[in-house]
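Here is a quick tour of a chain that is worth looking at from the outside in. Have the viewer open and turn the model around as you read.

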Amino acid sequence: MARRPHAAPPPKKDGPRINQEIRSPRVLLIDESGEKQGIMPVDAALEAAQEAGLDLVEVSPNADPPVCKILDYGKLKYQEQKKKTEARKKQKTQDIKEIKMRPNIDTHDYEVKAKAMRRFFEEGDKVKVTLRFRGREMAHQDRGMALLDRVKEDFSDVAKVEFSPKLEGRQMIMVLAPR
């Protein structure tokens with residue numbers, strides 16, 4: 001087993017410095033009730049935190065002098081974790097839904113697809129409209145373009161064209177995003 005030429009650096013700790021980790025000689029202390037106690041040496045601030053049975057947490061390390069608060073560090077970490085999970089719950093990922101059509105689609109079939117597309121836009125998803133040409137339909141690409149223009153016009157109030165119609169092989173593709 002090969003040895004490292006020098007000792008590995010200590011692991012980086014995320015979050016604020018607490019208790020003995022605070023390096024500054026003097027700090028502005030805020031007690032557990034949220035009142036300023038003034039500027040004092042770190043040792044006195046640590047003593048005050050121990051008397052209260054709580055931790056001394058550096059809340060603003062870049063201030064001059066650094067601001068430290070007396071509070072329960074475990075409780076602070078728990079509340080931060082809860083906030084993160086709440087934010088994650090409220091976050092909406094944007095999916096791309098695909099709608100497939102043919103150039104000679106019937107009016108009722110078009111209406112059904114349009115209804116689905118409108119629902120996708122309301123949910124905040126993008127829609128990829130794929131128009132597939134089969135056999136001799138390739139000779140009538142203008143019909144396909146007209147259909148995609150119709151889709152563009154019908155949804156101009158709720159969606160914007162993100163990727164304009166483009167022919168790729170035997171299919172024409174257009175992507176719409178909600179406004």
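Helices here are DSSP runs of H or I with at least four residues, and strands are E runs of at least two, both numbered from the N terminus. With that in hand, K75 can be placed: this lysine sits in helix α2. Keep in mind that you are looking at a predicted model.

## Overall layout

The protein chain has four helices and eight strands. Going along the sequence, they come in the order β-β-α-β-β-α-β-α-β-α-β-β.

How does the radius of gyration of the protein chain compare with that of a compact globule of 179 residues? The globule would come out near 16 Å, while this chain has 31 Å. The C-alpha trace tells its own story, spanning about 85 × 55 × 25 Å along the principal axes. As for packing, 31% of the 179 residues are buried. Of the contacts with a separation of 6 or more, 54% are between residues 24 or more positions apart. The accessible surface adds up to about 12,800 Å², and carbon and sulfur atoms own 49% of that.

## What the record says

UniProt, in an unreviewed entry, puts "domain: Translation initiation factor 3 N-terminal" at residues 18-87. In the model, that stretch is 37% helix and 31% strand, and its end C-alpha atoms are 26 Å apart. The unreviewed entry also gives "domain: Translation initiation factor 3 C-terminal" for residues 95-178. Here the end C-alpha atoms lie 11 Å apart, with 36% of the span in helix and 37% in strand.

There is also a "coiled-coil region", again from the unreviewed entry, at residues 75-102. The model makes this span 57% helix and 21% strand, with 59 Å between its end C-alpha atoms.

## Helix α2 and K75

Helix α2 runs over residues 73-90, which is 18 residues. From first C-alpha to last it reaches 26 Å, close to the 26 Å expected at 1.5 Å a residue. At its start, a side-chain oxygen of D72 comes to within 3.3 Å of the backbone nitrogen of G74.

Is K75 buried or exposed? Exposed counts as over 50% relative accessible area, and K75 has 52%, so it falls in the exposed class. For a feel of the distances across the model, take K75 and A146: they are 71 residues apart in sequence, and their C-alpha atoms are 61 Å apart in space.

## Around D55

D55 belongs to strand β3, residues 55-60. Which residues does D55 touch, leaving aside neighbours within four places in sequence? The list is N19, A49, K69, I70, L71, D72 and Y73. Two of these come with polar detail. The side chains of D55 and N19 make a polar contact of 3.2 Å, and the D55 side chain also reaches the backbone nitrogen of Y73 at 3.1 Å. Y73 is where helix α2 begins, given its range of 73-90.

## Backbone oddities

N19, the partner of D55 in that 3.2 Å contact, is found in the segment before β1 (26-30). Its phi is positive, about 45°, although N19 is not a glycine.

The other one to check is the peptide bond between D64 and P65, which is cis, with omega at about -5°. P65 lies in the loop between β3 and β4 (67-71).

Definitions and conventions:
Residues numbered from 1 in each chain as written. Predicted model: local features only at pLDDT ≥ 70, side-chain atom pairs only at ≥ 80, totals over all residues. Heavy atoms only, no water. Expected span 1.5 Å × (residues − 1). Polar contact = N/O pair within 3.5 Å; in protein donor to acceptor, adjacent residues only side chain to side chain. UniProt positions renumbered as here; feature names shortened; annotations may be inferred. Rg over C-alpha atoms; globule rule 2.2 N^0.38 Å. Buried < 20%, exposed > 50% of the residue type's maximum accessible area, 1.4 Å probe, protein only. Contact = heavy atoms within 4.5 Å. Areas by Shrake-Rupley, 256 points an atom, 1.4 Å probe, with all protein chains shown as cover.
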